[in-house]
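Reader: Could you take me through the terms used for aromatic rings and exposure, and show how each label is reached?

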Amino acid sequence: MLLKNTLRFLCVLVPMIIMAFTVTYTNKPAPKKDLRPNIVLIMADDLGYSDLGCYGGEINTPNLDYLAANGLRFKKFYNTSRCCPSRAALLTGLYNHNAGIGEMTADRNMEGYRGALGKDAVTLAEVLKDAGYRTAMSGKWHVSNTVEQATPQAQLDWLNHKTKHPLFSPIEQYPTNRGFEKFFGTLWGVVDFFDPFSLVSGTTPINTVPKDYYHTDAISDSATAYIKEFSKGDKPFFLYVAQNAPHWPLQALPEDIEKYKDTYKAGWDVIRKARYDRMLKSGLIDSVTTKISPRINDDLQWEDNPDKEWGARAMAVHAAMIDRMDQGIGRMIAALKETGQLDNTLIVFLSDNGASPEDCSRYGKGFDRPGETRDGREIVYPVNKKVFPGPQTTFASIGQRWANVANTPYRFAKEQSYEGGVRTPMIAFWPKGITAKKGSMTDHTGHVMDFMATFADLAGAKYPEVYKGNQIKPMQGLSFAPAFKGKKSIGHEYLFNEHYNARSVRSKEWKMVSLSSDTSWHLYRVKDDESELNDLAAQYPGKVKELHKKWQEWALQNHVLPKQKAR
């Protein structure tokens, strides 16, 4: 009888318990949707300030123009004048010397010149990953030490794909060991666009590529695939897309070159003046404060140029490389639309420095430049301009005069601290988050080290004091998110730069600058002279002394100085 009553009791109780748990479960509130924005950061390589259509250029960039027309353009945004230093500052929120890369990727055994990101710095990917973001990168890393072989011939055999070695940089310096879950791209800086050296997936070398491979497309397509994969999840994502285009060598697909075959036959002055006029018309610059600067090395008129045909072709390839990059950005935008992510995705685009004035054909083969293709064809370095740029078998660049056009209206180019070297086009697009007038422009003074502060702000991420047992340097960048609201935000009161002895210090009113080849200071009242044309150093020796003192203090605090000669 007792057993029978017990069983009857359990038959009543157990369903009640089950019902109670079921009710509790079904009434539990659904987890809140993560409303933080996705972030897609796109960086071009050696792109001039006026190359894009939305910054005055004649190059066909409809997708970047769309982002600009529906987002925000920055008039005064700054990089550090060179590839790897700009990437170091961008990734860490620090001045590049503080991040470990004062020059290039060789380790000079000095704190500001280790040639790789230090353990006392954190990357955007590390900070955002800890805040719950998915993270991926596609493209050019170039912030790690480069592994070199014992002899020049061994190095060249490696570059020519005749030998294989497992590592291009120390493994702990790969992107996947600095916060990125996924990585496709190159560890080094210079690439053959049809068969790139130092190409890896994660940490695994990619030893062969398809016959129709083109690196700009591969970077874009990998980024698009990451977008589609991450969009299936419930976490926001951070995607860093670091294009190699339009960095030399000038290599592009024939159909893209064809679009521009006649565009640049008009010559340097005509193209530059047309760009300047479009910039004035758009309101990007003002004719009173920003004059068109004299053409660099004004010793050769286009009509007298014996290499007009070669020069027009070189710039056509430069344009084709940018055009192809824009096409890939279009595929990324389409993927964000298809997955319903576009409205809540912040897309930012900029360049790592001004257009390059280098004549890379004079460098010749060696270090990171191959001597022949994988199938044994000789690569020509056309010093005499007898071989046209474009195909895989040439390594050439646009040179200083076309770089001057690309950087319209500013003086000088990549490596220098004048505006032509350090001012970058910068576009921000985010339908849900940018409330400033669509297509408007901002005078906010920003810098590549500001991405850390901005993204951490938007993601609610904490910038750490200690990371993986290492004391982390305090963040130096400032958030530019207030500009998204159309607010008048000051930005940096002072900005500093140094690269191979080229130096600058900029305030709201003044800029003092020197060339790498000339250590004397030149002073400009940039509030009225953005093109740095009227040197006032002799008139204002007190201001020169004041700004020099500020630069010196910054240089000592940020491991720029003391400095020893490269060995």
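Author: What follows is a set of questions on ring pairs, burial and charges over rings. This is a predicted model, in which local features need pLDDT of at least 70, side-chain atom pairs count only at pLDDT 80 or more, and totals for chains, interfaces and linings use all residues. Residues are numbered from 1 along each chain as its sequence is written, and side-chain values use heavy atoms, with hydrogens and water left out.

Reader: Why is the pair of tyrosine 381 and phenylalanine 395 called tilted?

Author: Rings of Phe, Tyr and Trp (its six-membered ring) pair if their centres lie within 6.5 Å, and planes under 30 degrees apart count as stacked, over 60 as edge-to-face and the rest as tilted. The centres of tyrosine 381 and phenylalanine 395 are 5.3 Å apart and their planes stand at 50°, so the pair is tilted.

Reader: What makes phenylalanine 412 partly exposed, and how do you know that tyrosine 418 is buried?

Author: Buried means under 20% relative accessible area, exposed over 50%, and partly exposed in between (1.4 Å probe, protein chains only). Phenylalanine 412 has 21% relative accessibility and therefore counts as partly exposed, whereas tyrosine 418, with a relative accessible area of 2%, is buried.

Reader: Which residue lies over the face of tyrosine 113, and what makes that a charge over a ring?

Author: A charge sits over a ring if NZ of Lys or CZ of Arg is within 6 Å of the ring centre and within 35 degrees of the ring normal. Arginine 108 lies over the face of tyrosine 113, at 5.0 Å from the ring centre, and arginine 503 lies over the face of tryptophan 551 at 5.3 Å.
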